[in-house]
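Trainee: Could you take me through one part of this model in detail? I'd like a close look at the surface around one of the DNA strands.

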Protein chains: 2
Amino acid sequence: MSGGATNVRGRGRVTRKDVARVAGTSTAIVSYVINNGPRPVAERTRQRVLAAIEEVGYVPDTVAQALASGVSGLYGLIVPDISNPFFAALAHELEDSTSESGHILLLGDSAEDKDREKELISTFVRRRVDGLLFVGVDSHPDLSAAFDGEVPVVILDRVDPEHLASSVAVDNVAAAHAVTAHLVTHGYREHAIITGPEQLLTARERLQGWRSALAEAELLADPRWIVEAPFTRRGGYDAGSALITSGPRPRAVFASNELQAVGLLAAAAEHGLRVPDELAVITFDGTEMSEYTAPKLSGVVQPLDEIARAAVAMLPGKHRSTSFAPRHERCGYTIRLRPSCGHHPD
Amino acid sequence: MSGGATNVRGRGRVTRKDVARVAGTSTAIVSYVINNGPRPVAERTRQRVLAAIEEVGYVPDTVAQALASGVSGLYGLIVPDISNPFFAALAHELEDSTSESGHILLLGDSAEDKDREKELISTFVRRRVDGLLFVGVDSHPDLSAAFDGEVPVVILDRVDPEHLASSVAVDNVAAAHAVTAHLVTHGYREHAIITGPEQLLTARERLQGWRSALAEAELLADPRWIVEAPFTRRGGYDAGSALITSGPRPRAVFASNELQAVGLLAAAAEHGLRVPDELAVITFDGTEMSEYTAPKLSGVVQPLDEIARAAVAMLPGKHRSTSFAPRHERCGYTIRLRPSCGHHPD
DNA sequence: CTGTTAGCGCCTTCAG
DNA sequence: CTGAAGGCGCTAACAG
């Protein structure tokens, strides 16, 4: 309308300056309005600014805000493999919790590679993430870059006793114990376990829980029935095949994660072994997938929403926080009984 | 060592200034060295700068770089649900392709919600992403914010004829046709389909391919055997149950995505129906999961790595690109035959 | 309550 | 080949 004044899309974005000009105020006021502070603004002025923003189609530039304020509004999420349903489900929940606090997630898939993992950490630190949500490839991540950059870290799932970082996880030992004890109540006496990679504390803890439950029931933890495998479908399949075909066959198997359990079911099916009638199966980290396997999988389910919420709560919020004090939180777990362990729903 | 000169961790980060001081040059030189340009630097000076960087532990601040250069080094990834294995697998591949170009992914999970989706788009634009990798909730996304911000968009999977955005996808019609035709070669004559939500072009195309294959074989596309369901396990389960329990039963079912197929298998198992002997199943978008279902699932598999690579290649690279010319690319597909359709591996 | 202005850390044109 | 200096867009003192 007016003779070339407002110049909205004339190459180069609309800035606070344009808003200030149209509203007839200074740029500071525009900031105060946008951020509701730190200085108060007269209601009338505020309205004028708001109107001007609308009129010129102003959109704050987050990058500039980040540079000036020192807060990026970004959290870095690092997982070993986003295509693992468990991590994907976790990411989904984290995204949810995170958006509530006005933050956005930077996705880092370390592809089970230590070097890539380390690289991601420093890349994220360079980007000034306000916090790191971290699931490591193993239990000895090199988080030095994060600490150097003074970026708060919350370690999830595969937790290590690390004092500079916070953590949130379920009690793996107790949960594995509980679920194995349940197997015992079914009367099974020959127990096997497919454990995860030994470098993972998580795997060792679950193994420990399994062991203690057997010990408690005065059952033997036969070494031949303790087989280590990667936390993958393939790992579970291979381990399962070995368990099924070589030597005496166990009556019940604890697969240390859902992917392994799925692989195990495939192995059992392939060998014509009926689950749970001939082989009972129980698992850990069940996601929605466990509801759709044949048979449906029993196991420990982690409260992902709760974990996500707790983790995000440990990170500095929208407005730069005070100092970060590492905390360690244990979340409760649930045991979901379905047919795979011999349970009869009714 | 020296009397308070270098001051590395003295509150406030190490900047180019520190490097310049130690190297005895100007800050511009430091930039030239870091970016290999745009001005050449004498080799000796370069070495001194590099040494200084090392000495003071300088790490470039990406936020500042982004603001000054106008290139964020960020791509925004928007998917309807990251916990869907197909999207998770896609994200995994995208992360891979993306990191090769030195970019990082911002994760946006729209949770199948249009409003959230729109919000994510503008949030990402405000963050000056260099490009958007987009899978929409339906086939009519509101990408205006991206276009206003002049952010290049590549639409994946659920593609719409949209001329301002690029796209990469497989030929759904052809693939669905091919896979259905395969079912026909098995001799099955009673075909059913579980289609996806009608708003999704993807779903309509697969339905169309299925129809044309039947037509070609002069087989009837019985309306009662066309059942629409969400692209979820639950959707597939419900649709499958309906197909199995009401009226005449089809001999073969095409589940429009992998999740539906998994649900369908669960329904079949629950009703004691043997797959493929009594009911043949074929699907679309098979991921690794299809290798571990009981029975293993046949179906179209999309070349996710190729799709990811093609999509990223369409986006501006590390160094700000020239103008973005929307392109549309079709990727090839593969048909993976496994037992679920009646196929005998040997 | 509002305006002015000096940074945030880096890029890049323009002199030297 | 190198140095000085003006932004990028916004925040937050510091003055009015």
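Mentor: A polar side-chain atom of Tyr32(A) lies 2.7 Å from a base nitrogen of DNA strand D; a polar contact here is a pair of N or O atoms within 3.5 Å, and within protein one must be able to donate a hydrogen and the other to accept it, with residues adjacent in sequence counted only if both atoms are side-chain atoms. Bear in mind that this is a predicted model, where local features need pLDDT of at least 70, side-chain atom pairs count only at pLDDT 80 or more, and totals for chains, interfaces and linings use all residues. Residues are numbered from 1 along each chain as its sequence is written, chains are lettered from A and ligands numbered from 1 in the order in which they are written, and side-chain values use heavy atoms, leaving out hydrogens and water.

The phosphates get contacts too: an N or O atom in the side chain of Gln65(A) sits 3.0 Å from a phosphate oxygen of strand D, while Ala42(B) puts a backbone N or O atom 2.8 Å from one. Two or more residues each come from helices H2 (27-35) and H4 (62-69) of chain A and from H2 (27-35) and H4 (62-69) of chain B; helices are DSSP runs (H or I, at least four residues), numbered from the N terminus. H2(A) gives the most, four residues.

Zooming out, 27 residues surround strand D, and Arg16(A), Ser31(A), Tyr32(A), Tyr58(A) and Thr45(B) come nearest; "near" means one heavy atom within 4 Å. Of the strand D atoms within 4 Å of the protein, 63% belong to sugar or phosphate and the rest to bases.
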